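User: Could you walk me through this model, one question at a time?

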Amino acid sequence: MEKERHSLSISRRPPDILRVEALRFLDNGPYSFDIRSGECVGLSGPSGVGKTQLLRAMTDLIEHQGRVLLDDVPADDVPAPAWRSMVTMIPAESAWWYELVGDHFPREMGKDEAKALLANVGFGPDVFNWQTNRLSTGEKQRLALLRGLCHGPGVLLLDEPCSALDSKHTILVEDFILSHQKEHGTVILWVSHDPEQLQRVASKVFVMEKKSLLEST
Ligand SMILES: Nc1ncnc2c1ncn2[C@@H]1O[C@H](COP(=O)(O)OP(=O)(O)OP(=O)(O)O)[C@@H](O)[C@H]1O
């Protein structure tokens, strides 16, 4: 039987297409590729090649040349905070700045809504009362994903979202992300060192090199 999943209330329409045009940063690129609504593209490549920096360039967090567009709107035409709430990067190591976990989530979220949301990645509702300094690396990873989704991004840039998780939680998180995507048509770029994971979640996989992306066969 299909597990009951919480659906985040998202009002914004995802883009039909995310377009990356001749993107360069540090000593990398130019990279060009498109991802359509509802598509999940994998990104792999050797450690240090620039996968995280690519996601940071796409979210305008580092200096870069080239363009990133949602439909026909370039990032340069959108204030950075608004762009990042549409094109959201979930980093492998997340920052938590308030004392309690719940302080990082929208205040207007009801108890039932929070309970259902947290259950998707294996938490009970009490986690909102936990001190953030007690969180394990894997707990932070699962909660950072939920926190990022609360703002209803049309594009999700996932940087090794399961790198700190055991196999049971990895499957739980994969299933949650894919069911969320199916429901909302989210565009996903998923960085992983695990080829089996990318086979499960992505419709195609790019292997990153310093100067190009190769589609893996
Ligand atoms: N501010 C910076 N200036 C110069 N080089 C940097 C800067 N920040 C990161 N780098 C370098 O850019 C390269 C790419 O880093 P990045 O974190 O994107 O690699 P990655 O492909 O995600 O690696 P991993 O798989 O190990 O996470 C690394 O060699 C890193 O040291």
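User: Thanks! In which loop does Glu 160 lie?

Analyst: Happy to help, and keep in mind that this is a predicted model. Glu 160 has a positive phi near 45°, although Glu 160 is a residue other than glycine. Its place in the chain is the loop between strand 7 and helix 5.

User: Is Glu 160 buried, partly exposed or exposed?

Analyst: The count to look at is the number of other C-beta atoms within 10 Å, which is 19 for Glu 160. A buried residue needs 20 or more and an exposed one has 12 or fewer. With 19, Glu 160 is therefore partly exposed.

User: What about Ala 22: is it buried or exposed?

Analyst: Ala 22 sits in strand 1 and has a positive phi of about 50° without being a glycine. Most residues other than glycine have a negative phi. Ala 22 has 11 other C-beta atoms within 10 Å, and the limit for an exposed residue is 12 or fewer. Ala 22 is therefore exposed.

User: Which strands stand at the edges of the sheet that holds strand 1?

Analyst: The sheet is open and has four strands in the order 2-1-4-5, with antiparallel pairing. The strands at its edges each have a single partner strand, so one side of each is left without a neighbour in the sheet. These are strand 2 and strand 5.

User: How many bridges join strand 1 to strand 4?

Analyst: Let me go through the pairings in order. Strand 1 (residues 17–25) runs antiparallel to strand 2 (residues 28–36) and is joined to it by six bridges, with Ile 17 partnered by Arg 36. Strand 4 and strand 5 are joined by two bridges, and Leu 70 stands opposite Val 73 there. For strand 1 and strand 4, also antiparallel, Arg 24 stands opposite Gln 65, and the number of bridges is five.

User: Which residue takes a positive phi in the hairpin of strand 1 and strand 2?

Analyst: The hairpin has two residues between the strands. One of its residues has a positive phi near 45°, and this residue is also among those around the ligand. The residue is Leu 26.

User: Which residues does a cis peptide bond join?

Analyst: Most peptide bonds are trans. Here one has an omega of about 10°, and its proline is found in strand 2. The bond joins Gly 29 and Pro 30.

User: How do the residues around the ligand divide into nonpolar, polar and charged?

Analyst: The residues around the ligand are Leu 26, Gly 45, Ser 47, Gly 48, Val 49, Gly 50, Lys 51, Thr 52 and Gln 53. Glycine counts as polar here. The shell therefore divides into two nonpolar, six polar and one charged.

User: How wide is the arc that the buried residues of helix 1 fall within?

Analyst: Helix 1 covers residues 51–58, and its buried residues are Lys 51, Leu 54, Leu 55, Ala 57 and Met 58. Seen down the axis, they line one face of helix 1, because they fall within an arc of 160°.

User: Which helix do the buried residues of helix 5 pack against?

Analyst: Helix 5 has 18 residues, and its buried ones are Val 173, Phe 176, Ile 177, His 180 and His 184. They are on the same side of helix 5, because they cover an arc of only 95° around the axis. The face turned away from that side carries the exposed residues Ser 167, Lys 168 and Lys 182. The buried residues pack against helix 4.

User: Which residue in strand 7 stands opposite Val 87?

Analyst: Strand 6 and strand 7 run parallel and are joined by four bridges. Val 87 and Met 89 point one way from strand 6, Thr 88 and Ile 90 the other way, and all are buried. Across from Val 87 stands Val 155.

User: Last one: is Cys 40 buried or exposed?

Analyst: Cys 40 is placed in strand 3. Beyond its neighbours within four places in sequence, Cys 40 is in contact with Gln 181, Ile 188, Trp 190, Val 201, Ala 202 and Ser 203. There are 22 other C-beta atoms within 10 Å, and 20 or more are needed to count as buried. Cys 40 is therefore buried.

Notes: Residues numbered from 1 in each chain as written. Predicted model: local features only at pLDDT ≥ 70, side-chain atom pairs only at ≥ 80, totals over all residues. Near = placed C-beta within 6 Å. Pairing = 2+ DSSP bridges. Expected span 1.5 Å × (residues − 1). Arc of directions from axis to C-beta. Contact = placed C-beta atoms within 7 Å.
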